[in-house]
Amino acid sequence: MRGIVHWAKDVDEDWASVLAELTRAFEMSRSSAQGEGSIVYVVRQDDLLGRRGAGNAMVACGLLSAARTAALEGARKGWTANVVAFDDVADRAIVEAWARRLLDDGAVNGELIRVGSGHIGKTLA
Amino acid sequence: MNGTIVVTGAARGIGRSIAEKMASTGPVTVVGVDVAPELGLSESITPVQVDLTSADGTRVVREAVEASGAPLIGLVNNAGITRDARLLNMTNEDFSAVLEVNLGAAFRLTTELAPLMSDGGAIVNIASRAYLGNFGQFNYSMSKGGLVGMSRALALSLAPHVRVNAVAPGLVSSEMSMAIPEEIREKMVESIPLDRMGTPDEIANTVWWLLTPLSSYITGEVIVVGGGRSLS
């Protein structure tokens with residue numbers, strides 16, 4: 001299946017850095033949607049909880065919310081949007097495999113897949 | 001409560017209700033941002049008109065807080081706009097305008113004012129139920145999700161001195177919701193278990209509670225005030 005996998009970059013604690021990263025994700029996502037391709041964002045579990053600063057948290061949580069909206073729009077067109085979150089001990093190859101599966105599968109939409117155990121006992125994202 | 005509380009987007013809708021609620025509940029000075037003097041808000045609300053997306057704007061708010069002569073005990077980041085479009089049709093201008101006002105301004109102002117917050121103070125960020133996803137609002141839901149992330153990060157970094165929470169209103173009767181076509185708005189109401197739109201006062205009541213010591217053990221949370229729509 002066509003689509004993009006967007007890995008969130010670390011950002012500084014300043015707005016320009018945050019906006020640049022969110023804009024990069026937006027432009028890639030729009031391009032994918034125009035071609036009816038699916039979207040997967042990859043973020044750190046710690047950033048969904050705000051544990052690595054406000055800049056990274058704004059990016060990760062912003063992408064999660066954007067994916068949920070994109071998922072609603074894609075559902076009418078046959079493409080999907082999902083998020084993979086990984087913890088400190090997750091293997092990068094496994095994270096990539098989950099992202100690829102979400103692109104290829106098409107059966108899961110608007111979902112947050114958390115690789116590793118770091119989220120257990122923490123707040124729902 | 002005794003001190004100064006800043007409320008952004010206080011000219012109308014939810015922000016105005018929050019400002020009036022806070023002004024009516026005790027010896028507090030409310031700095032209402034984006035408020036023109038002729039709007040006729042209560043006398044205890046100090047009107048400030050600035051562009052919060054500029055460094056000058058946040059500085060003017062800080063100066064108004066300092067001029068109040070009272071400790072800063074609360075900040076409510078409420079100002080927000082919408083520029084709806086489906087993702088594939090969304091322009092860069094619509095994207096960045098919403099992100100700048102809804103998230104960038106809140107981040108800048110909070111960074112400016114956090115050093116002034118008194119011990120035991122509280123910050124409330126007005127997110128939206130759209131942080132859970134809303135058709136045609138890629139920019140808006142991203143900005144509100146970003147506010148949730150900011151709230152969590154600041155809840156950690158400002159603890160134990162200042163609490164930070166987010167409120168996520170659902171469909172509320174306001175200028176913003178009235179811009180939604182009536183037919184769509186009626187369908188949205190049908191999906192709300194409590195069978196009606198919320199009122200700005202109902203959001204203000206929740207914000208008031210989060211600003212007071214009644215919620216002294218709550219930080220880093222998102223409270224959805226949406227009539228149960230998240231379930232339906």
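**Entry 1: sheet of chain B**

I looked first at the sheet of chain B, which is open and holds seven strands in the order S3-S2-S1-S4-S5-S6-S7, with parallel pairing; here a strand is a DSSP run of E with at least two residues, a helix is a run of H or I with at least four, both numbered from the N terminus, and two strands pair if DSSP finds at least two bridges between them. The model is predicted, so I kept its limits in view: local features need pLDDT of at least 70, side-chain atom pairs count only at pLDDT 80 or more, and totals for chains, interfaces and linings use all residues. Residues are numbered from 1 along each chain as its sequence is written, chains are lettered from A and ligands numbered from 1 in the order in which they are written, and side-chain values use heavy atoms, with hydrogens and water left out.

I found S3(B) (45–48) and S7(B) (222–225) at the edges, each pairing on one side only. Strand S6(B) (residues 163–169) runs parallel to S7(B) and is joined to that strand by four bridges, and I noted B:Ala168 opposite B:Val224 in S7(B). Helix H1(B) (residues 13–24) packs on this sheet, touching strands that include S1(B) (3–7) and S2(B) (28–33), and its direction makes about 165 degrees with that of S2(B); contact means heavy atoms within 4.5 Å, while axes are lines fitted to C-alpha atoms, for helices over the stretch in contact, and angles run from 0 to 180 degrees between N-to-C directions.

**Entry 2: sheet of chain A**

I then turned to chain A, where four strands form an open sheet in the order S1-S2-S3-S4, again with parallel pairing. Its edge strands are S1(A) (3–7) and S4(A) (112–115), and neighbouring strands are turned by 20 degrees against each other on average, direction ignored. Four bridges join S3(A) (residues 81–86) to S4(A), and A:Ala85 has A:Arg114 as its bridge partner in S4(A). Helix H1(A) (residues 15–34) lies across S1(A) and S2(A) (38–44), running at about 170 degrees to S1(A).

**Entry 3: interface of chains A and B**

Finally I looked up the interface, in which 32 residues of chain B are in contact with 38 residues of chain A. The buried area is about 2,900 Å², with 68% given by carbon and sulfur atoms; this is the accessible area (1.4 Å probe) that two parts lose on being put together, summed over both. I recorded zero salt bridges between the chains, a salt bridge being a side-chain nitrogen of Lys or Arg within 4 Å of a carboxyl oxygen of Asp or Glu.
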